[in-house]
Amino acid sequence: MTAQVGIVLGSDSDLPLMQDAVKMLDKLGINYEITISSAHRAPDKTAAYARTAEARGLKVIIAAAGLAAHLPGVIAAHTILPVIGVPVKSGALNGVDALYAIVQMPPGIPVASVAINGAKNAAILAAQIIAASDNLVREKLLQLKEDLAREVEARDARLKELGVAEYLAQK
C-alpha cells in the first residue's frame, strides 16, 4: 500500500527517537516511508523529497530536527502538505533551540510542532490529520483515546487501593 506519512530524519542518530512515531503509526495501521535527508548536507535531496511527496501519495510529513532545526521548514517550503516538526533534545540547549526554530516559521510556511522528543504525538497528530478524510483511521484514533482513558481509570483505582506510599513503591 502507498505510504500516507513521510518520516524524515536529519541524521540516523534521530532514528531511536523516531521509533516512537513508527510504533504508533504501525499501531494505527498507517503506512509510512522513512528517509534520512539533511537541510544542510543534502539540500537538493531534501527539496526533491518534499516536492514529490504529494505525488507519491503522502498526506503528512513528520520531520525530526535538532539544533537549528531547519529540516521541517525547508520541507514545508517545498510542499503544501502539512509538516509536523519534532524538535530533538540535543546540544547545549537540550532541544529548546530546535523547538523555537520550528515554531518561529515565517508567514506562509507553517510547521506544526510537538514537544521536544514528541515523536509519538507527531504520529498521533499525523493520524488525526488523515482521519479528517479516512474513517478507518478515525475509528482507530477513537479506540486509542478510549484505551488511554481506561489506563487512567486503572491507575486511579490502583492508587485508591494501595495508597500513595505503596503505589509509588510498586512503580
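## Notebook: sheet, helices and cores

**Entry 1. The sheet.** I began with the strands and found an open sheet of five, in the order β2-β1-β3-β4-β5, with parallel pairing. β2 and β5 (112-113) stand at the edges with a single partner strand each, so one side of each has no neighbour in the sheet. I note that the model I am reading is a predicted one. I then looked up how β1 is joined to β3: the two strands run parallel and are linked by five bridges. Within this region, I found Val8 opposite Ala63 of β3.

**Entry 2. Helices on the sheet.** Next I asked which strands helix α2 lies across. Helix α2, residues 43-53, lies across β1, β2 and β3, and runs at about 165° to β2. I turned then to helix α4, residues 96-103, which packs on the sheet and touches β3, β4 and β5. The direction of α4 makes about 165° with that of β4.

**Entry 3. A residue of α4.** I chose Leu99, whose place is in helix α4. Is Leu99 buried or exposed? With a relative accessible area of 25%, Leu99 is partly exposed, because the term buried is kept for values under 20%. I listed its contacts, leaving out residues up to four places away in sequence: Leu99 touches Pro87, Ser113, Val114 and Ile116. I also looked up the separation of Leu99 and Leu67, which are 32 residues apart along the chain; their C-alpha atoms are separated by 8.7 Å.

**Entry 4. Helix α1.** I checked the length of α1 (residues 15-27). This helix has 13 residues and reaches 18 Å from its first C-alpha to its last, close to the 18 Å expected at 1.5 Å a residue. I then asked which residues of α1 are buried. They are Leu17, Met18, Ala21, Val22, Met24 and Leu25. These residues cover an arc of only 165° around the axis, which puts them on the same side of α1. On the other side of α1, I found Pro16 and Lys27 exposed.

I followed the buried residues of α1 to their partners. They pack against the strands β1 (5-9), β2 (32-36), β3 (60-65) and β4 (83-87), and also against the helices α5 (119-131) and α6 (135-170). Just after α1, Gly29 takes a positive phi of about 70°.

**Entry 5. Helix α5.** I repeated the length check on α5. The 13 residues of α5 should span 18 Å at 1.5 Å a residue, and its end C-alpha atoms are 18 Å apart, which agrees. The buried residues of α5 are Ala119, Ala122, Ala123, Ile124, Ala126, Ala127, Ile130 and Ala131. I found that they pack against β1, α1, β3, β4 and α6.

**Entry 6. The cores.** I then looked up the largest nonpolar core, which has 29 residues. The residues with the most contacts inside this core are Val5, Ile7, Met18, Ile30, Ile62, Val86 and Leu141. Two or more residues are given to this core by each of β1, α1, β3, β4, α5 and α6. Which element supplies the largest share of this core? The answer is α5, with eight residues.

I took Ile30 as an example from that list. Leaving aside its neighbours within four places in sequence, Ile30 is in contact with Gln4, Val5, Leu25, Ala127, Ile130 and Val137. Apart from the largest core lies another, of 19 residues, among them Ile61, Ala63, Leu71 and Leu81.

**Entry 7. Loops and positive phi.** I recorded a general rule before looking at the loops: most residues other than glycine have a negative phi. Asn94 is not a glycine, yet has a positive phi of about 55°. I located Asn94 in the loop between β4 and α4, and its relative accessible area of 43% makes it partly exposed. Asn117 is also not a glycine and has a positive phi of about 65°. Asn117 lies in the loop between β5 and α5 and is partly exposed, with a relative accessible area of 33%.

Ala115 has its place in the loop between β5 and α5. At 49% relative accessibility, Ala115 counts as partly exposed, because exposed requires over 50%. As a last look-up, I compared Ala115 with Thr2: they are 113 residues apart in sequence and 28 Å apart in space, C-alpha to C-alpha.

Definitions and conventions: Residues are numbered from 1 along each chain as its sequence is written. This is a predicted model: local features need pLDDT of at least 70, side-chain atom pairs count only at pLDDT 80 or more; totals for chains, interfaces and linings use all residues. Side-chain values use heavy atoms; hydrogens and water are left out. Helices (H or I, at least four residues) and strands (E, at least two) are DSSP runs, numbered from the N terminus. The expected span of a helix is 1.5 Å times one less than its number of residues. Buried means under 20% relative accessible area, exposed over 50%, partly exposed in between (1.4 Å probe, protein chains only). The arc is that of the directions from the helix axis to the C-beta atoms. Contact means heavy atoms within 4.5 Å. A nonpolar core is a set of buried Ala, Val, Leu, Ile, Met, Phe, Trp, Tyr and Cys residues joined through side-chain atoms within 4.5 Å. Two strands pair if DSSP finds at least two bridges between them. Axes are lines fitted to C-alpha atoms, for helices over the stretch in contact, and angles run from 0 to 180 degrees between N-to-C directions.
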